[in-house]
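User: I have a structure open and I'm not sure where to start. Can you walk me through it?

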Amino acid sequence: METGRARTGRSDLLLDQFDCAREMAQVRLAGLGDEEYLWEPAPDCWSIRRRGEAVTPRAFGPGDWVLDQGAPQIPSSEYAEVARQAAGGMTVAKIAEDWGVSVERVEQLDTIGFSQYPHGSHPDDPFVDVLWGANLEFIHHMAEIALLRDLWRTRAGTRG
């Protein structure tokens, strides 16, 4: 971040928002160990599990660890197809081509059409709205992680 004067441009505001959220996330993630990371507050919740320990057939991902979407009544996320393509070895460039999006760096905040991902933002949204939404998603999921860390710390009456 710049020092001495406030940044007020649209991209500057988005970057400052993301930097602030990232700095808070770093503090909240400090000291996260395997036991806490793999702890499940409820049986069969969404989690990262070893391939052989997955509880649903919808678990996906390359390697020994998979994203296991938990109890079968939970609907598949809209990311499942992209994850399937990546797990199948499809390159990022091919996935982008398949979805009709660009992998090149984007500088044009007002450009329409960068949100062509199904079930995402409206395709007529300008890119600045897409970035704003991505920041919001990051903040939202870090709040969930912070809650889980608080639950872990106070589980079964223990304090730590």
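Analyst: We can go from the overall layout to the helices, the strands and then the charged pairs. Keep in mind that this is a predicted model.

User: Ok, how many helices and strands does the chain have?

Analyst: There are five helices and two strands. Starting at the N terminus, the order is α-α-β-β-α-α-α.

User: And how much of the chain is buried?

Analyst: Of the 160 residues in the chain, 22% are buried. The accessible surface is about 11100 Å², and carbon and sulfur atoms account for 58% of that surface.

User: Let's look at helix α5. How far apart are its end C-alpha atoms?

Analyst: They are 41 Å apart. Helix α5 covers residues 127-154, which is 28 residues, and at 1.5 Å a residue it should span 40 Å, so the two values agree.

User: What about α1, how far does that one reach?

Analyst: Helix α1 has 20 residues and reaches 28 Å from its first C-alpha to its last, close to the expected 28 Å. After α1 comes G31, which has a positive phi, near 80 degrees.

User: Which residues of α5 are buried, and what do they pack against?

Analyst: The buried ones are F127, V128, V130, N135, M142, A146, R149 and W152. They pack against α1 and α2. From the other side, L14, D16, D19, A21 and A25 are buried in α1, and the buried residues of α1 pack against α5.

User: N135 is on that list. Why does N135 count as buried?

Analyst: Its relative accessibility is 9%, and buried means under 20%, so N135 qualifies. Leaving out residues up to four places away in sequence, N135 touches L14, Q17 and F18.

User: Now E35. Is E35 buried or exposed?

Analyst: E35, which sits in helix α2, is exposed, with a relative accessible area of 60%. The C-alpha atoms of E35 and W152 are 9.9 Å apart, although 117 residues separate the two along the chain.

User: Where is L32, and what does it touch?

Analyst: L32 is in the loop between α1 and α2. Not counting residues up to four places away in sequence, L32 touches Y37 and R149. The C-alpha atoms of L32 and R149 are separated by 8.5 Å, with their positions 117 residues apart along the chain. L32 is partly exposed, at 34% relative accessibility.

User: Which residues make the nonpolar surface patch?

Analyst: L29, L32, Y37, L38, I48, W65 and I145 make a patch of about 550 Å². One of these, L38, is in the loop between α2 and β1 and is partly exposed, at 36% relative accessibility.

User: Switching to the strands. How do β1 and β2 run, and how many bridges join them?

Analyst: They run antiparallel, joined by four bridges. One bridge pairs R50 with W65 in β2.

User: Which residues are on the covered face of β2?

Analyst: V66 and D68 are on the covered face, while W65 and L67 are on the uncovered one. W65 is also one of the residues in the nonpolar patch.

User: Last topic: how many salt bridges are there?

Analyst: The structure holds six. Side chains of opposite charge can pair when their charged atoms come close. One salt bridge joins R28 and D150, at 2.9 Å from N to O. That pair links distant parts of the chain, with R28 in helix α1 and D150 in helix α5, 122 residues apart. R28, D150 and R153 are linked in a network of salt bridges.

User: How exposed are R28 and D150?

Analyst: R28 is partly exposed, at 30% relative accessibility. D150 is partly exposed too, with a relative accessible area of 28%.

User: Where do D19 and R22 lie?

Analyst: Both lie in helix α1, three residues apart, which is about one turn of the helix. They form a salt bridge, and their closest N and O atoms are 3.8 Å apart. R22 is partly exposed, with a relative accessible area of 31%, while D19 is among the buried residues of α1.

User: And E40 with R49, which of those is buried?

Analyst: R49 is buried, with a relative accessible area of 6%. E40 is partly exposed, at 28%. Their side chains meet in a salt bridge of 2.9 Å, N to O.

Key
Residues numbered from 1 in each chain as written. Predicted model: local features only at pLDDT ≥ 70, side-chain atom pairs only at ≥ 80, totals over all residues. Heavy atoms only, no water. Buried < 20%, exposed > 50% of the residue type's maximum accessible area, 1.4 Å probe, protein only. Pairing = 2+ DSSP bridges. Patch = residues over 30% accessible without salt bridge, like charges linked within 9 Å, V, L, I, M, F, W, Y side chains within 5 Å. Areas by Shrake-Rupley, 256 points an atom, 1.4 Å probe, with all protein chains shown as cover. Salt bridge = Lys/Arg side-chain N within 4 Å of Asp/Glu carboxyl O. Expected span 1.5 Å × (residues − 1). Contact = heavy atoms within 4.5 Å.
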